[in-house]
Amino acid sequence: MSLNISGEKCVLCKAYLFEEDDVVYCPECGAPHHRDCYNSIGHCSLEEYHGTDKQYKKPEERTQDKKEDYQENTIFCSMCGEKYSKDESACPKCNTPNITKLGGNVITIDLTGGVPDDTDIGEGVTVKEAKQFVAVNTQRYMPRFAAIKKGKKISWNWLAFLLPSGWLMSRKMYLLGGIVAALEISLSLISIPLRIAYQNADVSATNNYVEYYSSIFQEIERIGKVAIIAGVIAVALGIVLSLLISLFGDLIYKNHVVSKIKDINSKTTDKLADFRKNGGVNIFASLAIYMTVSYLPSIIAYTLGMI
């Protein structure tokens, strides 16, 4: 069986051309025709396109055009650096969503917060690696990691202040998150008598400050001064705990990220897979610990007859 000529087709009849075919080429653009096809019209079938961008192009020219088109329609993954078509919904290598398309409009988001990828955030770990590990809200954490490396150890983290153990769990710092949750539960249990005293004091029916404070002191006498004082201390310690986690949370997280990345780099060849496994966020763990801290103290107190 004869081979076709480089996969070329007659530009008039669109049939593949083979070695035994009588082929003629347009003297101006080089378009291949069966001789009979060419003679039937007496000229190149693409004559109207001569001198334009649509004129016949040789296979090697078409291949180059495809390469150029591919270059124009590709992007680099913001997380792993993989090059892929901008029409894809996510990176084929690490599954990071394609953020360059949103409703058909091209957008630009700096996922490192203006910090260069090769910036060292500690012990040889780069911002690029940290970005891949952190995965979510990297534009917030990368500048803070860089600032911590330069000596600024304290920063403010609202989520860590409002949900100390929940934030730690969401960032997969499970051991510290569990310890903080245990402290929150213990402090909440200790403060239950104070909350009962406040709830039971009938301050709504008081007409003046004397009656107001009298109602509160009667409830304190009933429950006991020691329990009330312990409750006040527990509330204060809870606030201090939240402040400490919020002020040093970014430092704690940065150290966690650096430690995990170093460990992964020394033990595995598939870093991205382990980054996804150990990094990112765990919303389920965060919700679970939030529910536990919120309701377990009341359940324990009710079981023990405290309420």
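Helices (H or I, at least four residues) and strands (E, at least two) are DSSP runs, numbered from the N terminus. This is a predicted model, in which local features need pLDDT of at least 70 and side-chain atom pairs count only at pLDDT 80 or more, whereas totals for chains, interfaces and linings use all residues. Residues are numbered from 1 along each chain as its sequence is written, and side-chain values use heavy atoms, with hydrogens and water left out.

**View 1. S286 lies in helix α12.** With a relative accessibility of 15%, S286 counts as buried (under 20% relative accessible area, against over 50% for exposed and in between for partly exposed, with a 1.4 Å probe and protein chains only). When neighbours within four places in sequence are left aside, S286 is in contact (heavy atoms within 4.5 Å) with G166, M169 and S170.

**View 2. A nonpolar surface patch of about 920 Å² involves helices α5 and α12.** The patch is made by W158, L159, L162, L163, Y290, M291, Y295, L296 and I299. Patches are made of residues with over 30% relative accessible area and no salt bridge, like charges being joined within 9 Å and nonpolar side chains (Val, Leu, Ile, Met, Phe, Trp, Tyr) within 5 Å; accessible areas come from the Shrake-Rupley method with a 1.4 Å probe, and for residues only the protein chains shown count as cover. Helix α12 (283-303) provides the largest share, five residues. W158, found in helix α5, counts as exposed because its relative accessibility is 57%.

**View 3. The largest nonpolar core has 25 residues.** A nonpolar core is a set of buried Ala, Val, Leu, Ile, Met, Phe, Trp, Tyr and Cys residues joined through side-chain atoms within 4.5 Å. F145, W167, Y253 and V257 have the most contacts inside this core. At least two core residues come from each of α3 (127-134), α4 (138-149), α6 (164-170), α10 (225-267) and α11 (271-278), and α10 gives the most, with seven residues. Not counting residues up to four places away in sequence, Y253 touches V134, Y141, F145, W167, R171, M173 and G280. A second, separate core of nine residues includes V24, C29, Y38 and C44.

**View 4. Cysteines C26 and C37 stand in a structure with zero disulfides.** A disulfide is a pair of cysteine sulfur atoms within 2.5 Å. The sulfur of C26 is 3.7 Å from the closest cysteine sulfur, in C29, and is therefore too far for a bond. For C37, which is in no disulfide, the nearest cysteine sulfur belongs to C10, 3.8 Å away. C26 is buried at 6% relative accessibility, and C37 is buried at 14%.

**View 5. Two salt bridges link distant parts of the chain.** The structure holds seven salt bridges (a side-chain nitrogen of Lys or Arg within 4 Å of a carboxyl oxygen of Asp or Glu). R35 pairs with D22, the closest N and O atoms being 2.7 Å apart; R35 is in helix α1 (residues 35-41) and D22 in the loop between β2 (16-18) and β3 (23-25), 13 residues apart. E123 and K262 meet at 2.5 Å, N to O, with E123 in the loop between β9 (120-122) and β10 (125-126) and K262 in helix α10, 139 residues apart. E123 is exposed, at 58%, whereas K262 is partly exposed, at 36%.
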